[in-house]
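Here's a quick briefing to read with the structure open beside you. Spin it around as you go and check each point by eye.

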Amino acid sequence: MQIDALILSGGTGTRMGADCPKQFLPLAGTCVLKRTVEAFCSHPDISRVLVVSGASFLNETNEILKTIASEKLLPTVCGGSTRQESSYLGLCALAREAAAPDYVLIHDAARPLVSKEVISRCIETVVSCGACTASIPVQDTIISSDAPPLLQTVPDRATLFAVQTPQAFAFAEILAAHRNLPADAVVTDDTSVMRLAGYPVYLTQGDKKNIKLTTPEDFWIAEAFLAHE
Ligand SMILES: Nc1ccn([C@@H]2O[C@H](COP(=O)(O)OP(=O)(O)OP(=O)(O)O)[C@@H](O)[C@H]2O)c(=O)n1
Ligand SMILES: C[C@](O)(CO)[C@H](O)COP(=O)(O)O
């Protein structure tokens, strides 16, 4: 059984507001992208790792990947202008390999604290269920309102989960789901692509530490987590 990982690193990090995309910034002394890629290269059940880079940052990406001594790394491919496009272009690159994988884990480069345990749980769930995402139950009371500041509804917290990555899929199914995605569909992750194609997707336990680095404060939080390891 072949299980590959796709690392999406084609974003520009607008909300981070740094001089370069956030995946190139150091986190506790080590580049974010390097941390993320190493987490997958070092997992015993992952066969190959493919990084999707922003077209204007291909050289920077490859310079970082050169510092990772792993035969699992496939040649970097260029992404698109949205996360969904980058994901699709990465899947197409895997499909062009001599042997396409049976399963693929799709992960944000911007989640460098992903653990071996979370990756293992995603693999276990995808092999039994066909499609899954790491997620954690929300801890706060959540309020829904489409007319703020008027509070409208308080959904039952027991039914709410925050979605993380990795998101894992049977390869042929997620590739077909991307190919059939309606042009006007607005999606922020791959589980939405899969569900729009009619496939069920299951939750698997993520990790509070598996945060996405989105704004500058997230670096402080991630560094605090690392300091406690
Ligand atoms: N065209 C894009 C956009 C995003 N991503 C990747 O998808 C992940 C999650 O996206 P997000 O946090 O939104 O990253 P950015 O798009 O870089 O950030 P922002 O939305 O603040 O610009 C990141 O690892 C990012 O590099 C990608 O590969 N290609
Ligand atoms: C895929 C994702 O990381 C799940 O939390 C997320 O959807 C990425 O995009 P966002 O725009 O930051 O939600």
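What follows is a short tour of the sheet, its helices, the two ligand sites and a few backbone oddities.

Keep in mind that this is a predicted model. The backbone of the picture is an open sheet of seven strands in the order 5-4-1-6-8-7-9, with mixed pairing. Two ligands are in place: ligand 1 has a shell of 22 residues, and the largest share of the shell around ligand 2 comes from strand 8.

**The sheet, from one edge to the other**

- The edges belong to strand 5 (77-78) and strand 9 (202-205), each of which pairs on one side only.
- Starting at the strand 5 end, strand 4 and strand 5 run parallel and share two bridges; Ser 53 has Cys 78 of strand 5 as its bridge partner.
- Next along, strand 1 and strand 4 are also parallel, this time over six bridges, with Leu 6 sitting opposite Leu 50 of strand 4.
- Further over, the sense flips: strand 6 (residues 103-108) and strand 8 (residues 161-170) are antiparallel and joined by four bridges. Val 104 faces Phe 169 of strand 8 in that pairing.
- Strand 8 also pairs with strand 7 (residues 131-137), again antiparallel, over six bridges. If you want handles for that pairing, Ser 135 has Val 163 of strand 8 as its bridge partner, and Ile 136 has Ala 162.

**Strand 4, well wrapped up**

- How many of the six residues of strand 4 are buried? Six of the six are, so the strand is largely enclosed by the rest of the structure.
- Both sides of strand 4 take part: Arg 48, Leu 50 and Val 52 point one way, Val 49, Val 51 and Ser 53 point the other way, and all are buried. Note that Arg 48 and Ser 53 are on that buried list too.

**Helices against the sheet**

- On the sheet you'll find helix 2 (residues 58-65), which touches strand 1, strand 4 (48-53) and strand 5. Its direction makes about 150° with that of strand 4.
- Helix 5 packs on the sheet as well, touching strand 6 and strand 8, and its direction makes about 110° with that of strand 8.
- Which residues of helix 5 (residues 171-179) are buried? They are Phe 171, Ile 174, Ala 177 and His 178.
- Looking down the axis of helix 5, those buried residues fit within an arc of 135°, so they line one face of the helix. The spacing helps here: an α-helix has 3.6 residues a turn, so residues three or four places apart point the same way.
- The cover over the buried residues of helix 5 includes helix 3, strand 6, strand 8 and helix 6 (190-196).
- In helix 4 (residues 116-129), take a look at Ile 123. Ile 123 counts as buried because 21 other C-beta atoms lie within 10 Å, against a cut-off of 20 or more.
- Leaving out residues up to four places away in sequence, Ile 123 touches Ile 3, Asp 45 and Ala 168.

**The two ligand sites**

- Around ligand 1, the residues that come nearest are Gly 10, Gly 11, Thr 14, Arg 15 and Ser 86. Strand 1 (3-9) and helix 3 (83-96) are the elements that give two or more residues to this shell.
- By character, the ligand 1 shell splits into five nonpolar, 13 polar and four charged residues.
- Ligand 2 is surrounded by Asp 108, Val 163, Gln 164, Thr 165, Thr 188, Asp 189, Lys 212 and Thr 214. Strand 8 supplies three residues of that shell.
- The ligand 2 shell divides into one nonpolar, four polar and three charged residues.
- For a sense of scale, Thr 214 is 26 Å from Ile 123, C-alpha to C-alpha, and the two are 91 residues apart in sequence.

**Backbone oddities to check**

- Most residues other than glycine have a negative phi, and most peptide bonds are trans.
- The bond from Pro 148 to Pro 149 is cis, with omega near 15°; Pro 149 is in the loop between strand 7 and strand 8.
- Another cis bond runs from Thr 165 to Pro 166, with omega near 10°, and Pro 166 is in strand 8.
- Ala 28 isn't a glycine, yet has a positive phi of about 45°. You'll find Ala 28 in the loop between strand 2 (26-27) and strand 3 (30-31), and it counts as partly exposed because it has 14 C-beta neighbours inside 10 Å.

Methods: Residues are numbered from 1 along each chain as its sequence is written. Chains are lettered from A and ligands numbered from 1 in the order in which they are written. This is a predicted model: local features need pLDDT of at least 70, side-chain atom pairs count only at pLDDT 80 or more; totals for chains, interfaces and linings use all residues. A residue is near a molecule or strand if its C-beta atom, placed from the backbone, lies within 6 Å of it. Ala, Val, Leu, Ile, Met, Phe, Trp, Tyr, Cys and Pro count as nonpolar, Asp, Glu, Lys and Arg as charged, and the others, Gly among them, as polar. Two strands pair if DSSP finds at least two bridges between them. A residue is buried if 20 or more other C-beta atoms lie within 10 Å of its own, exposed if 12 or fewer, and partly exposed in between; C-beta atoms are placed from the backbone. The arc is that of the directions from the helix axis to the C-beta atoms. Two residues are in contact if their C-beta atoms, placed from the backbone, lie within 7 Å. Axes are lines fitted to C-alpha atoms, for helices over the stretch in contact, and angles run from 0 to 180 degrees between N-to-C directions.
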